[in-house]
Amino acid sequence: MRKNILFIFALCYQQILKRIFFLFDPEFVHNRMVKNGELLGRFTFLRQVIAVIFAVKNQMLIQTIAGIRFENPIGLSAGFDHDAHLTQILPAVGFGFGSVGTVTYHAYGGNPRPILGRLPKSRSLMVNKGYKSSGAEVVSRRLASLSFAIPIGISIGRSNVASLKNEKESSKDIVKAFQIFEEKKVKNAYYELNISCPNLYGDISFYPPKNLEALLRAVDAIGLSTPVFIKMPIELSDKEVILILDVILKHRIAGIIIGNLQKNRNDPALIPEEVAKFPVGNFSGKPTWNRSNALISLAYRHCGGKLVIIGCGGVFSAEDAYEKILRGASLVQLITGMIYQGPQLIAEINLRLPVFLRRDGYANVADAVGMMHYEK
């Protein structure tokens, strides 16, 4: 019965609703959907009705990772709910976890428009937000009184302000954002440290090992109450990524998220005439797929069980999610696939993953993590 309802919902979304949404400015549609989601999340009855259709429960999907219980491995990536309005509706839609932000110490209204764009043939979105954020003080107050039915993470990055002149000042800025959430005693299950946003002021980078080392020493010194995952870039070489991983392994970091946006405008997955419409920004969705997957495999082989890997980039189906798991991701995040396929995608993935697990002889999703790298 549920499969039939999801099939009908997907058909309606992809053939009717998406075509209507895509007639309008993507920033307008995004803001409208966030407001609708926030409204639905306020009412217990509406959440329960939505959950009957979208919230899939299966013992094979439950994992405990970094001391956190996840009912399923599919999460909302940071970037969609940048000001933390959707934490109450995410479980009803079927997510097993979700990240808000990226939140910064100083508020920032977003880069000059356009900040969002669509590339339908490329199955991608142009993203040029530049850490649009109401600021850590506002977001922390919004979250301080809330409890969460699923693990909620807070993504934190450096403020996108011209007054930050170097990495040292930026590290202090990041630390202050963390401290605000700690002081407010927000009940988040984890943090993300985003070192990979490509749309910020200045030539400040935490990719060089010495810069990342200094940042992580500063973060270690806070003594954060929950685990930290680092959001990784995908545009670096394998050698550069390994150098970053080696620095991370020396610090109190639970894991990594692979990865962020596609900066290469000549990537074969991007249709050139679509890219030409956007002189600014970088690209999500399928153009991130190949490099994200390659780096998940690289990180799994290099780090083994020392770092938890969260796979992000180009997930449009259950098969896509399962491939990231087999490559080494314990958890999977998405945004763009949901926008193109519909919000029922999360339920579809969680319904089909157990089918794949049983087919391949695994009792739990954790058993499948990284198994692409082992001979059966």
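Colleague: Why is Phe-28 called partly exposed in this predicted model?

Modeller: Its relative accessibility is 49%. Partly exposed runs between 20% and 50%. So Phe-28 falls in that class.

Colleague: Where is Phe-28 found?

Modeller: In helix 2, residues 26-41. Phe-28 also belongs to a nonpolar surface patch with Ile-16, Leu-17, Ile-20, Leu-23 and Phe-24. Together they have about 600 Å² of accessible area.

Colleague: What makes Glu-213 buried?

Modeller: Buried means under 20%. Glu-213 has 17% relative accessibility, so Glu-213 counts as buried.

Colleague: How do you know that Glu-213 and Arg-217 meet in a salt bridge?

Modeller: The cut-off is 4 Å between nitrogen and oxygen. Here the N to O value is 3.5 Å, so the pair qualifies. Both residues lie in helix 7, four residues apart, about one turn of the helix. Elsewhere, salt bridges that share partners join Asp-25, Glu-27, Arg-113 and Lys-132 into one network.

Colleague: What makes Glu-38 and Arg-42 a salt bridge?

Modeller: Their side chains meet at 3.9 Å, N to O. The limit is within 4 Å, so this pair counts too.

Colleague: Why is Arg-42 called exposed, and Glu-38 partly exposed?

Modeller: Exposed means over 50%. Arg-42 has a relative accessible area of 57%, so Arg-42 is exposed. Glu-38 has 23%, which lies between 20% and 50%, so Glu-38 is partly exposed.

Colleague: How do you know that strand 5 pairs with strand 6?

Modeller: Pairing needs at least two bridges. Four bridges join these antiparallel strands, so they pair. In one of them, Gly-117 has Met-126 in strand 6 as its bridge partner.

Terms used
Residues are numbered from 1 along each chain as its sequence is written. This is a predicted model: local features need pLDDT of at least 70, side-chain atom pairs count only at pLDDT 80 or more; totals for chains, interfaces and linings use all residues. Side-chain values use heavy atoms; hydrogens and water are left out. Helices (H or I, at least four residues) and strands (E, at least two) are DSSP runs, numbered from the N terminus. Patches are made of residues with over 30% relative accessible area and no salt bridge: like charges are joined within 9 Å, nonpolar side chains (Val, Leu, Ile, Met, Phe, Trp, Tyr) within 5 Å. Accessible areas come from the Shrake-Rupley method with a 1.4 Å probe; for residues, only the protein chains shown count as cover. Buried means under 20% relative accessible area, exposed over 50%, partly exposed in between (1.4 Å probe, protein chains only).
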